[in-house]
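Q: I am new to this structure and would like a close look at a single part of it. Please take one helix and describe what surrounds it, then follow the surroundings outward.

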Amino acid sequence: MPEETSPTPRARAAWRAWLSALAVDAEAALAAALTYESLDPVARDAFLDAIDEDADAIDVPKIAIYAPFLAVENDVERKERLEKVIDSENPRHHDPQSPRRALSGHVGDEQLTVLVLPLYLNFVEVLACRWSHEHGCVSAEHEPLRAAREFHRAKIWNGVELEDTPFDTAIEELAHAVVTATRRQGRPLDALVPFADLFSLRATNASI
């Protein structure tokens, strides 16, 4: 069997630069997560082994490197492996640096509510819902990873201008919209399923 060759200094530098980018570039982090998700179990283990070799040499929090892969991992043992590495560092690195926010606007006769929910560092996930009092939630989009600064620069979603709105008010309104739409359609929209806990109490109250 041929002997394994070590990566060249240039290749290792490029690899480490890519790993470092996961701490600041939402598109890179999301692309990394999707690439990892497409790998088979053996390739995932090898991929994580390669990251482990260089993680300590990179001056970014480990949560920035490993969290994108944890988000798409379903295997119990591999999830525990990722969580153990993340938990091994200073807990302050885990704290998100952006508060949760709600923004709202209008699309014709419908309301547009955008929830910006902190994940870690300067990354957020976004839920955007179009709804009306009559029809409830008519569409929902979920973006699992975005840079919080995008919403500081411009409060716009798909060309619609938005304004900040009280978070609890937005959740209350969306809970009613979710209940109304679910009654009409028989099931919630797919993009809303990951947020069941966020709406559960208010949705229960709204259905009484």
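A: The account below starts from helix α4 and moves out to the core, the strands and the pocket around it.

The model is predicted. For the protein chain the mean pLDDT is 86, and 88% of the residues reach 70 or more. Confidence is highest in α3, at a mean of 95, and lowest in helix α8 (residues 196-206), at 62. The pLDDT falls below 50 over residues 203-208, a stretch that has seven contacts in the model beyond near neighbours in sequence. Where pLDDT is low, the predicted coordinates should not be read in detail.

Helix α4 covers residues 62-70. Nine of its nine residues are buried, so α4 is largely enclosed by the rest of the structure. Buried here means under 20% relative accessible area. The buried residues run from Lys62, Ile63 and Ala64 through Ile65, Tyr66 and Ala67 to Pro68, Phe69 and Leu70. The cover over these residues includes the helices α1 (9-21), α2, α3 and α5, together with strand β2.

Helix α4 also belongs to the largest nonpolar core. This core has 31 residues, and the members that touch the most others are Ile51, Ile65, Tyr66 and Phe69. Two or more residues each come from α2 (26-37), α3 (41-55), α4, α5 (76-87) and β4 (136-147). The largest share, seven residues, is from α4. Ile51 lies within the range of α3. Beyond its neighbours within four places in sequence, Ile51 contacts Ile65, Tyr66 and Phe69, as well as Trp15 and Leu19. Another core lies apart from this one and has 18 residues, including Cys137, Leu174, Leu192 and Phe199. In soluble globular proteins, nonpolar side chains tend to be buried together.

Strand β2, part of the cover over α4, leads on to the strands. β2 spans residues 110-120 and is mostly covered, with eight of its eleven residues buried. On one side of the pairing, β2 runs antiparallel to strand β1 (residues 101-107), joined by seven bridges. Val107 has Glu110 in β2 as its bridge partner. Two residues lie between the strands in the hairpin of β1 and β2, where Gly108 takes a positive phi near 65°.

β2 is also antiparallel to strand β3 (residues 123-132), with nine bridges between them. Here Tyr120 stands opposite Phe123. This hairpin, too, has two residues between its strands, and Leu121 in the turn has a positive phi of about 45°. β3 in turn pairs with β4 in the antiparallel sense, over nine bridges. Val124 stands opposite Arg146 of β4, and three residues lie between β3 and β4 in their hairpin. The strand β4 gives two or more residues to the largest core.

The last part of the surroundings is the largest pocket, with a volume of about 360 Å³. Its lining has 17 residues, and the closest to the pocket centre are Ala71, Leu119, Glu125, Pro144 and Leu145. Helices α2 and α4 and strands β2 and β4 each supply at least two lining residues. The largest share of the lining, four residues, is from α2. Helix α4 thus appears both in the largest core and in the lining of the largest pocket.

Key
Residues are numbered from 1 along each chain as its sequence is written. This is a predicted model: local features need pLDDT of at least 70, side-chain atom pairs count only at pLDDT 80 or more; totals for chains, interfaces and linings use all residues. Side-chain values use heavy atoms; hydrogens and water are left out. A nonpolar core is a set of buried Ala, Val, Leu, Ile, Met, Phe, Trp, Tyr and Cys residues joined through side-chain atoms within 4.5 Å. Buried means under 20% relative accessible area, exposed over 50%, partly exposed in between (1.4 Å probe, protein chains only). Contact means heavy atoms within 4.5 Å. pLDDT is the predictor's confidence in each residue, from 0 to 100. Two strands pair if DSSP finds at least two bridges between them. On a 1 Å grid over the protein atoms alone, a cavity is a set of points where a 1.4 Å probe fits but cannot get out, and a pocket is an open set with protein on both sides within 12 Å along at least five of seven lines; lining residues have an atom within 4 Å of a point. Grid points are joined across faces, edges and corners, and a volume is the space filled by probe spheres set on the points.
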